[in-house]
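Here is a short, friendly tour to read with the sequence and model open beside you. We begin with aromatic rings and then move on to backbone, helix and surface details.

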Amino acid sequence: MWRSINIVTLIVTLILRLLASSQLVNGMRFDLETGATKCITEDIKINAMTVGKYSVVKPVEGFPLSEDDRITVRVTSPHGNNYHYADHKESGNFAFTAGEAGDYMACFWTPKQSPEKSLSIDFEWKSGLAAKDWSKVAKKGQVEMMELELKKLYDSVTMVHEEMFNLRAREEMTQHLMRSTNAKMATFSFFSLVICLSVAALQLWHLKAFFQRKKLI
Amino acid sequence: MKAYAILLLLLFSTLTVDVTALSVTVNDVECVYEYVLYEGDTVSGNFVVVDHDIFWSSDHPGIDFIVSSPGGNVVQTMKGTSGEKFEFKAPRSGMYQFCFHNPYSTPETVSFYIHVGHIPNEHDLAKDEHLDPVNVKIAELREALESVTAEQKFLKARDARHRHTNESTHKRVIFYTIAEYVLLAVASGLQVVYIRRLFSKSVAYNRV
């Protein structure tokens with residue numbers, strides 16, 4: 001349905017990768033032209049907590065946004081299930097636990113306006129350990145702050161460790177594929193030779209029989 | 001926003017941006033904006049281009065990457081590349097613009113990661129009495145860890161790109177080999193048919 005509604009010349013797909021540490025004051029900001037769709041995809045592991053926040057940036061501070069400057073947001077899972085849908089909102093957020101592992105897509109759309117303009121949208125999307133809400137964990141006082149910092153570092157290190165395992169697993173899959181390609185190339189080359197020779201032999205046999213029938217040999 | 005700003009001052013958090021991949025289309029420029037709070041912050045990151053469909057053609061020549069400062073000056077430029085790391089020291093604070101430009105018609109998907117890191121220096125230490133020299137060390141440690149994370153993301157994106165290439169190679173090997181067999185058989189069949197026609201009596205009597 002998304003595809004059929006938003007057939008625009010510039011279809012931009014944004015894929016979001018996981019963020020290690022938290023404390024996002026400003027997330028990412030991108031421009032969305034009126035009538036265009038932009039999608040952000042993020043690779044989320046299964047049962048990972050994920051949190052997202054989006055808002056339209058006011059072009060002039062203090063002035064409210066016009067009624068037309070609203071966006072429609074939809075978050076879908078890799079298998080197409082809808083996890084979040086918001087229509088004509090200025091800002092909003094979503095949070096869910098991933099039921100499937102894979103690429104989750106958050107698509108933004110804004111209705112077409114007669115003078116074509118582009119809206120700036122602030123967007124934050126954290127998942128896994130980065131989605132942990134540190135403000136809840138934070139306590140008052142200076143020593144606790146340092147402890148908090150070190151806790152965050154520990155989380156980062158844990159994520160680095162897990163990511164190393166994932167990288168290793170992926171590399172092994174790539175290696176496996178390359179080896180299989182290599183083996184296939186060897187068998188196919190051999191068969192190519194066999195077919196070539198057999199085709200030549202068939203030709204010779206057939207033409208010989210043909211000429212003998214025609215009493216030329 | 002206020003609560004976040006206070007937390008930022010007290011905890012010296014680093015500003016980080018989610019890794020984003022864009023697919024840039026015909027002569028199009030896709031830009032992402034990132035706010036740098038302090039002058040002198042190190043902005044580092046990487047990006048990798050993932051081809052959509054490389055079955056028939058060769059590798060995409062690459063895209064251009066341009067970083068502009070809030071004043072409009074170009075801070076960094078990389079042309080015709082399919083994946084690189086970058087790092088620079090922000091000359092001033094403000095909203096920096098990271099643009100990807102695709103000069104060719106095939107759409108591309110770009111996966112990138114941008115990190116803005118701030119390490120409190122003596123000036124900050126003097127300003128805020130809550131700050132400890134330990135905080136500086138913690139910030140340095142965090143920056144080092146972030147560089148490891150950035151490297152991991154780069155490797156992950158490059159691995160995805162290599163996997164696409166390998167899968168395409170695998171499919172192409174099978175397709176072209178089967179096509180080769182079929183063409184070989186067809187060519188030899190045509191040869192036989194042609195020779196038979198040369199010797200048939202109905203065509204130009206004893207032409208051979």
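Counted over all chains, there are 21 aromatic pairs. Two of them, described below, share a ring in chain A. Please keep in mind that this is a predicted model.

**Aromatic rings in chain A**

- A:Tyr83 and A:Phe96 have ring centres 4.6 Å apart and planes at 35 degrees, so this pair is tilted.
- This contact links distant parts of the chain, as A:Tyr83 belongs to strand S6 and A:Phe96 to strand S7 (residues 91–97), 13 residues apart.
- Is A:Phe96 buried or exposed? A:Phe96 is buried, because its relative accessible area is 8% and the limit for buried is under 20%.
- A:Phe96 also forms a tilted aromatic pair with A:Tyr104, at 5.7 Å centre to centre and 35 degrees between the planes.
- A:Tyr104 is buried as well, with 0% relative accessibility, whereas A:Tyr83 counts as partly exposed at 28%.
- These three residues belong to one aromatic cluster, whose members also include A:Phe30, A:Tyr54, A:Phe94, A:Phe108, A:Phe123 and A:Trp125.

**Positive phi angles in chain A**

- Most residues other than glycine have a negative phi.
- A:Asn47 is not a glycine, yet has a positive phi of about 60 degrees.
- Where is A:Asn47 found? A:Asn47 sits in the loop between strand S3 (37–44) and strand S4 (49–56) of chain A, and counts as exposed at 61% relative accessibility.
- A:His88 also has a positive phi, near 50 degrees, but lies in strand S6 (residues 82–89) of chain A.
- With a relative accessible area of 41%, A:His88 is partly exposed.

**A recorded segment of chain A**

- UniProt, in an unreviewed entry, lists residues 185–205 of chain A as "transmembrane region".
- In the model, residues 185–205 of chain A are 100% helix and 0% strand, and the C-alpha atoms at the ends are 30 Å apart.

**Chain B: a surface patch and a charge over a ring**

- Which residues form a nonpolar patch on the surface, with about 360 Å² of accessible area together? They are B:Ile178, B:Val182, B:Val186 and B:Leu190.
- One of these, B:Ile178, lies in helix H3 (residues 133–199) of chain B and counts as partly exposed at 42% relative accessibility.
- B:Lys153 lies over the face of B:Tyr113, at 5.5 Å from the ring centre.

How values were computed. Residues numbered from 1 in each chain as written. Chains lettered and ligands numbered in written order. Predicted model: local features only at pLDDT ≥ 70, side-chain atom pairs only at ≥ 80, totals over all residues. Heavy atoms only, no water. Patch = residues over 30% accessible without salt bridge, like charges linked within 9 Å, V, L, I, M, F, W, Y side chains within 5 Å. Areas by Shrake-Rupley, 256 points an atom, 1.4 Å probe, with all protein chains shown as cover. Salt bridge = Lys/Arg side-chain N within 4 Å of Asp/Glu carboxyl O. Helix = DSSP H or I, 4+ residues; strand = E, 2+ residues; numbered from the N terminus. Buried < 20%, exposed > 50% of the residue type's maximum accessible area, 1.4 Å probe, protein only. UniProt positions renumbered as here; feature names shortened; annotations may be inferred. Phe/Tyr/Trp six-rings, centres within 6.5 Å; stacked < 30°, edge-to-face > 60°. Lys NZ or Arg CZ within 6 Å of the ring centre and 35° of its normal.
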